[in-house]
Amino acid sequence: MPSTPSDERIETQGYPESSKPQQDTKEMDRRHRRNEDLARFILSRTSIYLHRINKAVSETAARYRLQEIAQAIFASLQQYPILALAVAIVIFTFTLPFLVFIFFTMTTAVMAFTGFVLIEGALITAASVMLVSLLIGVFLMMAILGLMFLTGYFGISRVYECVSRFKVDDLRDYLRDNH
């Protein structure tokens, strides 16, 4: 398509040939400096916040003597290996959904960087469904076990109340009379 004289005139009037490369390099240098300053600011603020978080965690652990408590728990678990196995199973049960979710999230990130957008959505959906179902299963298991222990406790306490009301000799006499 042939260019018209008005298009050439507009181009030459808008951008003089001698100043265009200088303006571009100056603008790029300005952007580069701004980006560097932004990166330095983000890194400095991040390090400040990480230091504050680390200090707060350390102070909390010292205030509540968490290290001493953890050592006492570890010592008692060494004495009772069955209890240690039960605690390990509970910890594994609670961390498994999060590990699966993290695995799917990392897989999704790899797929996203390689261009599998549809697979990404399917993986996130599958991971979310698995996480929710596992968490619901763990919650229901804990609720059922809690209800079983409460029922057992109240049942045993009622039996103990009934037995403590009567003397053992009276109970023996009562059983002899009825048979």
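Arg65 sits in the loop that links helix 2 (20-63) to helix 3. In this predicted model, the phi angle of Arg65 is near 50°. That value is positive, and Arg65 is a residue other than glycine. Arg65 is exposed because its relative accessible area is 53%, and exposed residues are those over 50%.

Helix 3 follows this loop. Helix 3 covers residues 66-79, and helix 4 covers residues 81-114. The two helices pack against each other with their axes 5 Å apart. The angle between helix 3 and helix 4 is about 120°. Helix 3 and helix 4 are therefore oblique to each other, since angles of 65 to 115 degrees count as roughly perpendicular and those over 145 as roughly antiparallel. On the side of helix 3, the contact is made by Leu77, Gln78 and Gln79. Helix 4 contributes Pro81, Leu83, Ala84 and Val87. By class, the residues of this contact comprise 5 nonpolar and 2 polar. None of them is charged.

The chain as a whole contains 6 helices and 0 strands. Its pattern along the sequence reads α-α-α-α-α-α. The chain has 179 residues, of which 5% count as buried. The area exposed by the chain is about 16000 Å². Carbon and sulfur atoms supply 69% of that area.

One stretch of the chain carries an annotation from a sequence record. UniProt, in an unreviewed entry, places the feature "transmembrane region" at residues 131-156. In the model, residues 131-156 are 100% helix and 0% strand. The C-alpha atoms at the two ends of this stretch are 37 Å apart.

Key. Residues numbered from 1 in each chain as written. Predicted model: local features only at pLDDT ≥ 70, side-chain atom pairs only at ≥ 80, totals over all residues. Heavy atoms only, no water. Helix = DSSP H or I, 4+ residues; strand = E, 2+ residues; numbered from the N terminus. Buried < 20%, exposed > 50% of the residue type's maximum accessible area, 1.4 Å probe, protein only. Areas by Shrake-Rupley, 256 points an atom, 1.4 Å probe, with all protein chains shown as cover. UniProt positions renumbered as here; feature names shortened; annotations may be inferred. Axes fitted to C-alpha atoms, helices over the stretch in contact; angles between N-to-C directions. Parallel < 35°, antiparallel > 145°, perpendicular 65-115°, else oblique. Contact = heavy atoms within 4.5 Å. Nonpolar A, V, L, I, M, F, W, Y, C, P; charged D, E, K, R; others polar.
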